[in-house]
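Subject: Structure for you to look at

Hello,

I am passing on the structure we spoke about. Please open it alongside the notes below.

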Amino acid sequence: MHKTKIFADKNLKIGAIDQNLYASFLEHLGRAVYGGIYEPGHPAADKDGFREDVISLIRELNVPLVRYPGGNFVSGYDWRDGIGPKAKRPRRLELAWASIESNEFGTDEFMKWCKKAGIAPMMAVNMGTGTPKDALELFEYCNHPSGTYYSDLRRQNGAEKPYGVKYWCIGNEMDGDWQICALDAERYGKKAMQTARMLRWADAKKVDEAGAVQLVVCGSCNCDMPTYPEWDRVVLENTYEEVNYLSMHRYYEYRPSSKDPLLDFLGSADNMGEFIDTVRATIRYVQAKLRSKHNVYISFDEWNIWTQSAPRTEPDWVQAPALLEDKYTFRDMLVFGGLLNTLINHCDVVKIACLAQLVNVIAPIMTQNGGGTVKQTTFYPFRYAAAYGRGEAVRSISDCALFDNRFGKARRINEAVTHNAAAREVCVFLCNYSESAEEVELELRSFGDLACKEFVSMHSADMGACNTFAAPEAVLPVQNEPVAVKGGGRADVRLQPMSWNFLRFRY
Ligand code: AHR
């Protein structure tokens, strides 16, 4: 049997891992907010209606930052509908998801929830039906201390101090024809630039000044768009000097109808890496063309597995319908683990990544209205990566075999290596995409004397296994015997066929 050799050296750094690589996303969509994080009257809800059972699972995931309120929702949302006395808030037709929005939960509730959950907010502003002025006024409501109409309105609504929101997304997927009032690249680029300037003036800080707000401009909503990557170039040429991040979105899906469904799905992680490399190159191209010294990074603010081809079964025009409630299989978890590895391996340019989404809607956490919670299969790789994939990502060199799939070639063994100098830890995340068990030799000599503290894996003979309310622990991580570390920092690891694995070493 071929033994795969994976070499990693602490001096070959990819970059620092920003804690926001483990961010997430909550949209007014389905039961993400209503029945997800917010359910007044639920036995686990606090006086504000925030479900504490859900907050404790989110804390377990170590999520530092949450993007809100959309998503497609934001492009038709008037944020003013969601503030002030709840009894006076309007019920609206919500066009993005053909639902009813009661507006019972809005900006102030989100900020209060973030504070309670220990999470920083990332606000998206409406670039569909919304104007730069609407965005500015939301900014004033959130961030201006007092003495103006909107800042005093916030104080009147119970928040004396400004929220100090640092991250602002200027619209959502404005290239998609499903987006409310979608725009072409030139029009969006100009509107985004005007908006960015107004937010900068209100913030009274320059783009690269310490403490300045961080602005995210919309990149292509996926790499299958006919306008990709031209959209990204045009948008950046219009906005480059005023923004900090270009957004990327990408969802992968298991397609039983594809030529080789499993291999095509397993190719997703390496495909995501190629997508990031192209967007990185586009950013560098624009930077060079503009002779700019300013750096723009990537905010991969929607990523996940999502069976987008599943038909809607819920009726239109109801409040909080059960939409996009994907049940994540063991197979989904395998690809999900690979996507996390890709994000870690691109942490020099991807500084924010939001798992889309967090609760009930294509989410690692599921709830029942009035009932309990379930951790989906994908909960676990995310929890380990967010807890231990810290410090720096280190380049790894592997001689693993490749397989053909619909995107091209991909690695059978997909890894990420992180080094947390403060904790004196080296962590290795490995996905084995082979139908057979695989022997791997890790070569980590530069880290000095290592001892393996933990070897966790997820493996199942049933690729379709999921965690449900009836069987919440059908797929769980298993603790294995830690591996022995030999001379020269070498460790032999046996990977189960089709498995996700995590090894933690200390020096
Ligand atoms: O996350 C679900 C949807 O996916 C979001 O609303 C949208 O931005 C994307 O198309």
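The notes below deal with the two domains and the interface between them.

Please keep in mind that this is a predicted model.

Domains. The domain assignment splits the chain into domain 1, made of 3-10 + 394-506, and domain 2, covering 19-388. Taken over C-alpha atoms, the centres of the two domains lie 30 Å apart. Domain 1 brings 43 residues to the contact, and domain 2 brings 40 residues.

Buried area. About 3,500 Å² is buried between domain 1 and domain 2, with 65% of it on carbon and sulfur atoms. On the domain 1 side, Phe407, Met463 and Phe469 lose the most area to domain 2, and together they account for 21% of what that side buries.

Polar and charged pairs. One salt bridge is found across the interface of domain 1 and domain 2. In the model, Arg411 forms a salt bridge with Asp270, and their closest N and O atoms are 2.8 Å apart. Between the two domains there are nine residue pairs in polar contact, both residues being at pLDDT 80 or more.

The domain 1 side. Six strands are listed here: E15 (402-405), E16 (408-411), E17 (413-420), E18 (425-432), E20 (451-459) and E24 (499-506) each supply at least two residues of the side that touches domain 2. The largest share, five residues, comes from E18. By class, this side of domain 1 has 22 nonpolar, 10 polar and 11 charged residues.

Regards

How values were computed: Residues numbered from 1 in each chain as written. Predicted model: local features only at pLDDT ≥ 70, side-chain atom pairs only at ≥ 80, totals over all residues. Heavy atoms only, no water. Domains from an automatic or database assignment. Contact = heavy atoms within 4.5 Å. Buried area = accessible area lost by both parts, 1.4 Å probe. Salt bridge = Lys/Arg side-chain N within 4 Å of Asp/Glu carboxyl O. Polar contact = N/O pair within 3.5 Å; in protein donor to acceptor, adjacent residues only side chain to side chain. Helix = DSSP H or I, 4+ residues; strand = E, 2+ residues; numbered from the N terminus. Nonpolar A, V, L, I, M, F, W, Y, C, P; charged D, E, K, R; others polar.
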